[in-house]
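Here are a few short exercises to work through with the structure open beside you. Try each task before reading its solution.

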Amino acid sequence: KPQLVASNDRFCRFLEEYCPVVTETYYPTIWCWEGRVQTLLRPFITSRPQVQYRNELIKTADGGQISLDWFDNNDSSYYPDASTRPTVLLLPGLTGTSKESYILHMIHQSEALGYRCVVFNNRGIAGEELLTPRTYCAANTEDLEAVIHHVHSLHPSAPFMAAGVSMGGMLLLNYLGKTGRDTPLMAAAIFSAGWNVFESIESLEKPLNWLLFNYYLTTCLQSSISRHRQILEKLFDMDLVMKARTIREFDKQFTSVMFGYRSVDDYYEDASPCLKLKSIGIPVLCLNSVDDVFSPAHAIPVETAKQNANVALVLTSCGGHIGFLEGIWPRKCTYMDRVFKQFVQAVFEHGNKIFSM
């Protein structure tokens, strides 16, 4: 059974009644239960539901643009009135977009419930051009704030929540820690967030983890910016950036410089959601596996979470990073997908029971 960490008895009872999956025994796929194997196999094993998006480009205050992919769900029989149709904002991981299988599954789950989804693609990685020499990072919440304001302004009467995966979850947590209760979001779901960036990076720099994950992700980051080399090389030594062989080296030469940090350590401290957890002012459910090399078990802020009545952690012993595969042949629904579906439905349909906490 997962470990449920929450100091608020009412929040616990709410989850037990309306999101019972968090109290059920999670049985990982027996032939790939190890965390790293789950992490590596999920993108290849899980199906990719068909989703038709409507793309929208919005302008930012600094002259840039953000790509949003909307799944309007206009055929919703539960919520035929678009003005009040519940809306879920989805934040993918480090180099992820609206095309990731885990995002497609979240939309598939939301579609069945009648909800609308919008995917926040970070700058420059979903095919759109960079209009300014700026991309994104886990600590800077300005683009996310702009997106949340934009979506809420389009549908001010619609119930509104968000779900973030991996770095998307870290960004969402950092936003919530900054805004407290001053947000139009009702609640949030966080999956496989890296709580302490120093510990995450140290774990990913161990030889086997570097070989399996770190080097690949570094090349993905480099690939995501190489298309915009012409505009970025006005500010950066791109040859040096492209020589990075670890995420830390990439962040030292590129990310921390772009966002004005004195050092990569200053950036990592600002990007670590564990330092913002006490300030979160809306209900948040966070799912992590203790065998996730991207977020080591000892760095999960269990004691800090107990000090905030708005926070609940669900910790599984297996599942890896965005894995949570279950069943003999885990093509379709994962444990993470079931947590997402039940929690989103609980918030939209029974949320009044926790908002009086």
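**Exercise 1.** In this predicted model, find which backbone oxygen the side chain of Gln 65 reaches, and decide whether Gln 65 is buried or exposed.

*Solution.* Start with the polar partner: the Gln 65 side chain comes to 2.9 Å from the backbone oxygen of Glu 129. Next, place the residue: Gln 65 belongs to strand E3, residues 65-71. Then look at its surroundings: leaving aside residues up to four places away in sequence, Gln 65 touches several others, including Leu 57, Ile 58, Arg 123 and Leu 131. Finally, apply the cut-off: buried means under 20% relative accessible area, so Gln 65, at 9% relative accessibility, counts as buried.

**Exercise 2.** Work out what span helix H13 should have at 1.5 Å a residue, and check it against the end C-alpha atoms.

*Solution.* H13 covers residues 335-350, which makes 16 residues. The expected span is 1.5 Å times one less than the number of residues, which gives 22 Å for H13. The end C-alpha atoms of H13 are 22 Å apart, so the two agree. While you are there, note the buried residues of H13, among them Tyr 335, Phe 340, Phe 343 and Phe 348.

**Exercise 3.** Asn 73 and Ile 322 are not glycines; find the sign of phi for Asn 73 and for Ile 322, then locate each residue.

*Solution.* For Asn 73, phi is positive, about 55°. Asn 73 sits in the loop between E3 and strand E4 (87-91), and its relative accessible area of 8% makes it buried. For Ile 322, phi is also positive, about 55°. Ile 322 lies in the loop between strand E9 (311-316) and H13, and it is buried at 11% relative accessibility.

Technical notes. Residues are numbered from 1 along each chain as its sequence is written. This is a predicted model: local features need pLDDT of at least 70, side-chain atom pairs count only at pLDDT 80 or more; totals for chains, interfaces and linings use all residues. Side-chain values use heavy atoms; hydrogens and water are left out. Helices (H or I, at least four residues) and strands (E, at least two) are DSSP runs, numbered from the N terminus. Buried means under 20% relative accessible area, exposed over 50%, partly exposed in between (1.4 Å probe, protein chains only). A polar contact is a pair of N or O atoms within 3.5 Å; within protein, one must be able to donate a hydrogen and the other to accept it, and residues adjacent in sequence count only if both atoms are side-chain atoms. Contact means heavy atoms within 4.5 Å.
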